[in-house]
Amino acid sequence: MRYVTLLLMITISLSWPLCISAQAQNMGPDESYPDVEYEKPLSQEQLSLVFSGKTHQGSYNFLNRDISTFAFKETTAKDGRIRHVQQGHVDTGTWNIAGDQICYNYDDPRLLQACFKIYARGNCYYHYQVSVEGTPQFGFTARTIIAGQTPSCEPSLV
């Protein structure tokens, strides 16, 4: 009996990736998210228009630092300062645009500088962290809108 159970578990575990792969192929690309392999990120000029002097509200795809909400608000002031608020925790620092990337450098030494390529879908901005090689990493880190706007992306942001 143990041998049959073990054999069944191995068979299921080996076939599971094939089921997922077939399902993903049938679904096709999700056009609600940017395809960073084929699409261009916002240009330097577009980044300046969308971020300089603006407050964005958004949502992360992960949780950290004992914060239990994905929602955040970040102001990128025209003078290069930033103010990031998440669940009452405030981080400050500086931001700049370098080519087609926006970079954030927080005052807190535990937070490293991070650069992102930004892709737009309607009035939603998808932040893809850039790897050491300068290419967007798989999956977006955050999705934002300019504060006060109604998001055109789904699921709606908080």
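The following legends describe close-up views of a predicted model.

**View 1. Eight antiparallel strands close into a barrel.**
The barrel contains 8 strands, which follow one another in the order β1-β2-β3-β4-β5-β6-β7-β8. Their pairing is antiparallel. On average, and with direction ignored, neighbouring strands of this sheet are turned by 35 degrees against each other. In general terms, strands of a sheet pair through backbone hydrogen bonds, in either a parallel or an antiparallel sense.

**View 2. Strands β1 and β2 pair in the antiparallel sense.**
Strand β1 spans residues 54-60, and strand β2 spans residues 71-76. The two are joined over 6 bridges. Within this pairing, H56 has E74 in β2 as its bridge partner.

**View 3. Helix α2 lies across seven named strands, namely β1, β2, β4, β5, β6, β7 and β8.**
Helix α2 comprises residues 44-51 and runs at about 95 degrees to β1. Among the strands that the helix lies across are β4 (89-98), β5 (101-106) and β6 (114-121). Strands β7 (124-129) and β8 (142-146) also belong to this set.

**View 4. Strands β6 and β7 form a hairpin.**
The antiparallel pairing of β6 with β7 extends over 6 bridges. A120 stands opposite Y125 in β7. The hairpin has 2 residues between its strands, and G122 in the turn adopts a positive phi of about 60 degrees. N123 is likewise placed in the loop between β6 and β7.

**View 5. Strand β7 is largely enclosed by the rest of the structure.**
Strand β7 is described as enclosed because 5 of its 6 residues are buried. Besides its pairing with β6 over 6 bridges, β7 is joined to β8 by 3 bridges, and these two strands run antiparallel. At this second pairing, Y126 stands opposite R143 in β8.

**View 6. N123, in the loop between β6 and β7, is buried.**
The relative accessible area of N123 is 17%, under the 20% limit, so the residue counts as buried. The side chain of N123 reaches the backbone oxygen of T150 at 2.9 Å. A polar atom of the same side chain lies 2.8 Å from the backbone nitrogen of S152. When residues up to four places away in sequence are not counted, N123 touches T144, I145, Q149, T150, P151 and S152. Two of these residues, T150 and S152, are thus listed both as touching N123 and as the backbone partners of its side chain.

Definitions and conventions: Residues numbered from 1 in each chain as written. Predicted model: local features only at pLDDT ≥ 70, side-chain atom pairs only at ≥ 80, totals over all residues. Heavy atoms only, no water. Pairing = 2+ DSSP bridges. Helix = DSSP H or I, 4+ residues; strand = E, 2+ residues; numbered from the N terminus. Axes fitted to C-alpha atoms, helices over the stretch in contact; angles between N-to-C directions. Contact = heavy atoms within 4.5 Å. Buried < 20%, exposed > 50% of the residue type's maximum accessible area, 1.4 Å probe, protein only. Polar contact = N/O pair within 3.5 Å; in protein donor to acceptor, adjacent residues only side chain to side chain.
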